[in-house]
Amino acid sequence: MNSVTSFAEAAERHLDDVYGYLVWFSGDRLLAEDLAGETFERALRLWDRYDPRRGSERTWLCQVARTVALDHFRSERRRRRREELAAQPERTSEPPTDGLSPELEAAMRGLSAGEREVIALRVILDLDAASAAAMLGISPTNCTTRLSRALDKLEEALRVAA
Amino acid sequence: MLRPELLVALREATPAAPSSLYERVHSLAVAASPPARRRPGWRVSLALLAAAVASAALAGALLLPGGGAPTTVGVPGHGSAPVLPGLGKASPALGRSNTLAPSIASSAAALPGPSATRAQRYGATLRLRLRDGSAVAAAAREAVRIAQSLGGYPETVKVSVGAKTGTATVVLRIPRARVGAAIDRLSALGRVVGEQASISDLQTGVDQSGRRIVRLERELAAALHAPQSVATRRLAAALAAQIEGLQRARAATLRSASDATVTMQLSTPAPTPVHPRKRVSHRGPFHELGVAFRLVGIGLVYAFALGTPLAALAFIGWLAASRLRRRRVERLLSRS
């Protein structure tokens, strides 16, 4: 099971899921592509630690992706602080909107990363509450509450945009 | 947009990974070398640890002094007894009530016997173990009776008995020709825990004394046949007295050699120690293994007593750290 061949199969099987999760999590397709590549590099290094009894391949890969994304967010925050001290921050490019309607894209950008993440896990990847909660390090009830609030916020943004 | 419609729209809008990403991941998998061998899981580690502990305990049990072999039950007095040729022949079972157990080794045949043709001073010592004081007294009486039935007599009898313990020393004079039968019967009075024999040859002295007597008798005869004078009469009287003394001494020597001395030391077992912990008997071959496991248990108790507070502190620290980390992540995500 734990071989390069099985990793290649798992990567090919779940690449779209990991990428979609990172797109929602980061809110940036280009960044999500970079993070996905980094995720699979790290996953290949850690592949011998993967235990099928503790979760599915997709969940494990998403956990690795989450760690990579959080590391990126931390470094990005440090970079922004440095730039705020030196000069005006550089504006990030607008994310491509193909696949999402402009209203949905705008509403999505109004959400925080945490809210986008819970939508990605529960709606896009269709994880159950327990798996998503385990990934986020919170209780399933808390996860459900957080999803409900995120969807409320998204609905409200769409209603305002309409 | 209603929530069901929103969920459908979100699922339909899920972006697919670009082909460049597919190629990058595929090249990663192809270029990667086989990962390192998987590290052993905690179950394997636990099994290895248990095997190591068991091996150490077993090795300790086998290598500790006295380990792995039954501890010899000490028999008081037996260790000081000289090793005699042929020791080990079991004595005939008597079925008497005063015996503790079958003798470990005893018989007249086990001891070197006296010579039938030479004058010898023969002595034997038997150490017998009996059940209680009354058995000691009965055995002493029986020993005297055996000696008398064989034509011997008791030279010394010392008996000191209590309710449960007792000792007796019986010195018997037995005709030398019957000493073998005597030892056989005396050995059967109790459990033999030691025996000793001593033989002193007297024949050389007896022979020399006889030759000297013959020479003196010749001299006496010559003195008597010589012309009598005061001097010759004195010489004859001196020779006669000397001959008489030698004959008396020779007769005494032969008389003493005609009887053997058999010393019997009768005793009861040593009192049971007050502290059973000091008893060395009943230690099986796994005693040291038990000691090793007891030490391991003591170590585990100490480890538990010291480790529990540390583990609790570590758990609390881990809990606090994880909560702090989660809050930081939440803060980070709420701003991103």
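These are my notebook entries on a predicted model with chains A and B.

**Entry 1: chain A, overall**

I started with chain A and looked up its secondary structure, which comes to seven helices and zero strands. Read along the sequence, the pattern is simply α-α-α-α-α-α-α. Chain A has 162 residues, and 38% of them are buried. I also looked up how far apart in sequence the contacting residues sit. Of the contacts in chain A between residues at least 6 apart, 68% join residues at least 24 apart.

**Entry 2: chain B, overall**

Chain B mixes both kinds of element, with eight helices and five strands. I wrote down their order along the sequence as α-α-α-β-α-β-β-α-β-α-α-β-α. Of the 336 residues in chain B, 19% are buried. For contacts with a separation of 6 or more in chain B, 79% are between residues 24 or more positions apart.

**Entry 3: where the chains touch**

Next I turned to the interface. How many residues of each chain are in contact across it? I found 39 residues of chain A in contact with 32 residues of chain B. On the chain A side, helices α1 (4-26), α2 (29-46), α3 (57-86), α5 (113-124) and α7 (140-161) each supply at least two residues. Which helix gives the most? That is α1(A), with nine residues. By class, I noted 22 nonpolar, eight polar and nine charged residues on the side of chain A that touches chain B.

**Entry 4: a helix pair across the interface**

I then picked out one pair that spans the two chains, α2(A) and helix α2 (residues 19-31) of chain B. Their axes come within 10 Å and cross at roughly 15°. Angles under 35 degrees count as roughly parallel, and α2(A) and α2(B) are therefore roughly parallel to each other. I noted their crossing as right-handed. From α2(A), the contact uses A:E33, A:A36, A:G37, A:F40, A:E41 and A:L44. From α2(B), it uses B:L21, B:R24, B:V25, B:L28 and B:A29. The classes in this contact are seven nonpolar, one polar and three charged residues. A reminder to myself on the spacing of such lists: an α-helix has 3.6 residues a turn, so residues three or four places apart point the same way.

**Entry 5: a helix pair inside chain A**

Staying with α2(A), I looked at how it meets α3(A). The two pack at an angle of about 120°, and their axes are 9 Å apart. That makes α2(A) oblique to α3(A). The crossing of α2(A) and α3(A) is right-handed. On the α2(A) side, I listed A:L35, A:E38, A:T39, A:R42, A:A43 and A:L46. The α3(A) side has A:L61, A:V64, A:A65, A:V68, A:A69 and A:H72. Sorted by class, the residues of this contact are eight nonpolar, two polar and two charged.

**Entry 6: helix α6 of chain A**

Which residues of helix α6 (residues 129-136) of chain A are buried? I found A:S131, A:A132, A:A133, A:M135 and A:L136. Their cover includes α3, α5 and α7 of chain A. Just after α6(A) comes A:G137, with a positive phi near 75°.

**Entry 7: strands of chain B**

I moved on to strand pairing, with strand β5 (residues 259-267) of chain B as my reference. Strand β1 (residues 120-129) of chain B pairs with β5(B) in the parallel sense over seven bridges. Here B:A124 stands opposite B:V262. Strand β3 (residues 166-175) of chain B runs antiparallel to β5(B), and nine bridges join the two. In that pairing, B:V170 has B:M264 as its bridge partner.

**Entry 8: one arginine in chain B**

My last look-up was B:R250, which is found in helix α7 (residues 230-258) of chain B. Is B:R250 buried or exposed? A residue counts as buried if 20 or more other C-beta atoms lie within 10 Å of its own. B:R250 has 20 other C-beta atoms within 10 Å, so it is buried. Leaving aside neighbours within four places in sequence, B:R250 is in contact with B:V206, B:S209 and B:G210. I checked one of these further: B:R250 and B:V206 are 44 residues apart in sequence, with 6.2 Å from C-alpha to C-alpha.

How values were computed. Residues are numbered from 1 along each chain as its sequence is written. Chains are lettered from A and ligands numbered from 1 in the order in which they are written. This is a predicted model: local features need pLDDT of at least 70, side-chain atom pairs count only at pLDDT 80 or more; totals for chains, interfaces and linings use all residues. Helices (H or I, at least four residues) and strands (E, at least two) are DSSP runs, numbered from the N terminus. A residue is buried if 20 or more other C-beta atoms lie within 10 Å of its own, exposed if 12 or fewer, and partly exposed in between; C-beta atoms are placed from the backbone. Two residues are in contact if their C-beta atoms, placed from the backbone, lie within 7 Å. Ala, Val, Leu, Ile, Met, Phe, Trp, Tyr, Cys and Pro count as nonpolar, Asp, Glu, Lys and Arg as charged, and the others, Gly among them, as polar. Axes are lines fitted to C-alpha atoms, for helices over the stretch in contact, and angles run from 0 to 180 degrees between N-to-C directions. Angles under 35 degrees count as roughly parallel, over 145 as roughly antiparallel, 65 to 115 as roughly perpendicular and the rest as oblique. A crossing is left-handed if the near helix is turned anticlockwise from the far one by less than a right angle, and right-handed if clockwise. Two strands pair if DSSP finds at least two bridges between them.
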